[in-house]
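Work through the following exercises with the sequence and the coordinates side by side. Each task is followed by a solution that goes step by step.

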Amino acid sequence: MIARLDEVWRAIDPVRLRRTLLDMLNIYSPSGKEEDIQLYLEEILSRSGFRVERQEVEHERYNLRVTMGSGEPELYLVGHVDTVPAWDLEEFEAHEEGNLIRGLGSADMKGGCAAMVEAWLALADALKPEERPSLGLLLVVGEEENGDGSAVFLEQRRPPWVVIGEPTGLAACFAHYGYLEAGFVTRGLRSHSSLPELGNNAVESMLRLLLHLGKAPLFDRERGEIVYSIRELSSSRAGFVVPDRCEAWIDLHLPPDMDPAVLQESIRSIATDAGRFIPELNMELSFDFSSPGYDLGNDSRPVRLVEEIYARLGRTPDLSAFRSHSDGNLFHAAGTCPIILGPGFLENAHTPDEQVLFDEVAEAARIYAALGLGMG
C-alpha cells in the first residue's frame with residue numbers, strides 16, 4: 001500500500017483543490033437550495049470519467065453517489081453540500097487571506113467536501129481502474145435541516161463504514177455525542193403594560209423557569225457532562241401589554257453513553273418541580289427530536305489505520321468524541337459505523353467568521369485518500 005499511497009499523494013493537486021473549494025464557497029447552497037452546487041460537483045466527477053448517480057430526495061434536490069473499484073464499497077466518504085442560511089447575502093462568498101479561507105460553509109463542511117473530491121480525483125489520476133480501491137463518495141443534501149439526504153441513501157445502502165467530513169480539526173472521532181431538543185412554553189394572563197399586577201407575565205415565568213433549570217446539578221457547566229444552549233426565546237407580540245405566552249428552545253448535546261430518554265425524564269422532573277417556586281406557573285414541555293450518541297471503541301481496523309496514516313503524516317491522532325449533532329447519528333442508528341473527521345473547527349461554524357485553513361483541507365485530502373486505499 002505504501003508505494004501506491006505515495007503515488008496517490010503526489011497526485012493531489014493543491015491548485016485544483018483550492019479552485020474547487022473557492023468555487024463551492026461562491027455557490028450559495030442553503031438547505032433546500034442545493035441544486036446549483038450539485039450540478040457543479042456532478043460536472044467535475046463526470047468529467048473525470050465516472051458515472052454519477054443522482055439519488056432524488058425531492059424535486060430538484062438530490063444526492064450524488066459515485067463508486068470506484070469492484071464490488072460494493074466497505075467505506076464511503078460522506079459530505080453534506082448544504083449550509084445554514086447566509087448571515088448576509090452580500091458577504092457569504094469566499095475571502096482569501098493567504099492560508100486562511102473564509103466564507104459560509106468553509107468549515108461546515110465545504111472544506112471537507114472539497115478534500116473528499118480531491119482525494120477521489122487523485123486516486124483516479126494515480127491508479128489504473130483495476131488498481132483502484134473499492135470506495136464510495138456520497139455528497140448529500142439537507143444535513144443542516146433534517147438529514148433527509150442521508151436518510152434517502154440509507155434506504156438503499158448501509159455500508160459498514162463511512163467517514164463524514166464535519167469540522168474536527170482533523171481529529172478522528174470514533175465517538176459521537178447524542179442530541180436532544182427541548183421546547184418550553186409558558187402561558188400567563190394578558191393585561192395593560194402599565195398594570196402588570198393585573199396580569200401574569202409569561203416571559204417572567206419563562207426566565208424563572210430557565211434559571212431554575214440552570215441551577216440543577218444536571219446542568220452544571222463546570223462539573224456536568226451535558227452541553228446545552230438556549231437557542232431561541234420569543235414571546236407573543238401584541239403591543240403595549242403584559243405578554244401571555246413565551247416560548248424557548250434548548251439544544252442539549254449528551255455524552256455518547258447517555259440515554260436521551262432518561263435525560264428527558266430528568267428535565268421533566270426538574271421543570272415540574274419549578275412550580276413550587278414560580279407563582280401560577282403554566283408550562284408545557286415537549287421533546288420534538290432526540291438522537292442517541294455512540295462510541296465505536298478504539299480497537300478496530302479503521303482505528304489502527306488512522307494511527308498508521310497519522311504517524312506517516314507526523315501527526316498525533318486525537319480520537320475524541322464529536323460534540324455536535326450530525327448525520328453520523330443517523331448512520332449509526334441504521335447500523336453503519338461513522339468516523340467524523342474533517343478540516344476546520346466547530347467553534348466558528350455557523351458564524352459570520354466561518355473559516356478554514358487551506359493546509360488543513362489539503363491534509364484532509366491526503367487522509368481521505370489513505371483511508372480509501374486502506375479500507376478498499
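The exercises below concern a predicted model, and they go from a helix to backbone geometry, salt bridges and surface patches.

**Exercise 1. A helix and its surroundings**

Task: Compare the expected span of helix H10 (residues 358-375) with the distance between its end C-alpha atoms, and decide whether the helix is largely enclosed by the rest of the structure or not.

Solution: Begin with the length, for which 1.5 Å a residue is the rise to apply to the 18 residues of H10. The expected span is 26 Å, and because the end C-alpha atoms are 26 Å apart, the two values agree. Next consider accessibility, where a residue counts as buried under 20% relative accessible area. In H10, 16 of the 18 residues are buried, so the helix is largely enclosed by the rest of the structure. Leucine 373, which is found in helix H10, serves as an example, since its relative accessibility of 4% makes it buried. Finally, look for a contact across the sequence: leucine 373 and leucine 135 are 238 residues apart in sequence, yet their C-alpha atoms are 8.2 Å apart in space.

**Exercise 2. Backbone geometry**

Task: Describe the peptide bond from aspartate 108 to methionine 109, and then state the phi values of leucine 170 and histidine 350, together with the setting of each residue.

Solution: The background to this exercise is that most residues other than glycine have a negative phi, and most peptide bonds are trans. The bond from aspartate 108 to methionine 109 is cis, with omega near -15 degrees, and methionine 109 belongs to helix H4 (residues 106-126). Turning to phi, leucine 170 is not a glycine but has a positive value of about 70 degrees. Leucine 170 sits in the loop between strand S7 (161-164) and strand S8 (175-176), where a relative accessible area of 2% marks it as buried. Histidine 350 likewise has a positive phi of about 70 degrees without being a glycine, and its place is the loop between strand S17 (337-340) and strand S18 (355-357). With 34% relative accessibility, histidine 350 is partly exposed.

**Exercise 3. Salt bridges across the sequence**

Task: How many salt bridges does the structure hold, and which parts of the chain are linked by the pairs of arginine 61 with glutamate 34, glutamate 284 with arginine 187, and glutamate 363 with arginine 315?

Solution: The count for the structure is 26 salt bridges. In the pair of arginine 61 and glutamate 34, the closest N and O atoms are 2.9 Å apart. Arginine 61 lies in strand S2 (residues 61-68) and glutamate 34 in the loop between helix H2 (14-25) and helix H3 (35-47), so this pair ties together parts that are 27 residues apart in sequence. Arginine 61 is buried at a relative accessible area of 5%, and glutamate 34 is buried at 1%.

Glutamate 284 and arginine 187 meet in a salt bridge at 3.0 Å, N to O. Because glutamate 284 lies in strand S14 (residues 283-291) and arginine 187 in strand S9 (residues 178-187), the pair ties together parts that are 97 residues apart in sequence. Here glutamate 284 is partly exposed, with 38% relative accessible area, and arginine 187 is partly exposed, with 31%.

For glutamate 363 and arginine 315, the closest N and O atoms are 3.6 Å apart. This pair links glutamate 363 in helix H10 to arginine 315 in the loop between helix H8 (301-313) and strand S16 (321-322), the two being 48 residues apart. Glutamate 363 is buried, with a relative accessible area of 10%, whereas arginine 315 is partly exposed, with 30%. As a last step, trace shared partners: salt bridges join Glu34, Glu58, Arg61 and Asp148 into one network.

**Exercise 4. Surface patches**

Task: Which residues form the negative surface patch, and which form the nonpolar patch?

Solution: The negative patch is made up of Asp88, Glu90, Glu91 and Glu93, and of these glutamate 91 can be placed in the loop between strand S3 (75-80) and strand S4 (95-97). The nonpolar patch consists of Leu207, Ile230 and Leu233, which together have about 260 Å² of accessible area. Isoleucine 230 is in strand S11 (residues 227-235), and at 42% relative accessibility it is partly exposed.

Conventions. Residues are numbered from 1 along each chain as its sequence is written. This is a predicted model: local features need pLDDT of at least 70, side-chain atom pairs count only at pLDDT 80 or more; totals for chains, interfaces and linings use all residues. Side-chain values use heavy atoms; hydrogens and water are left out. Patches are made of residues with over 30% relative accessible area and no salt bridge: like charges are joined within 9 Å, nonpolar side chains (Val, Leu, Ile, Met, Phe, Trp, Tyr) within 5 Å. Accessible areas come from the Shrake-Rupley method with a 1.4 Å probe; for residues, only the protein chains shown count as cover. A salt bridge is a side-chain nitrogen of Lys or Arg within 4 Å of a carboxyl oxygen of Asp or Glu. Lys and Arg count as positive and Asp and Glu as negative; His and the chain ends are not counted. The place of a charge is taken as NZ of Lys, CZ of Arg, CG of Asp or CD of Glu. Helices (H or I, at least four residues) and strands (E, at least two) are DSSP runs, numbered from the N terminus. The expected span of a helix is 1.5 Å times one less than its number of residues. Buried means under 20% relative accessible area, exposed over 50%, partly exposed in between (1.4 Å probe, protein chains only).
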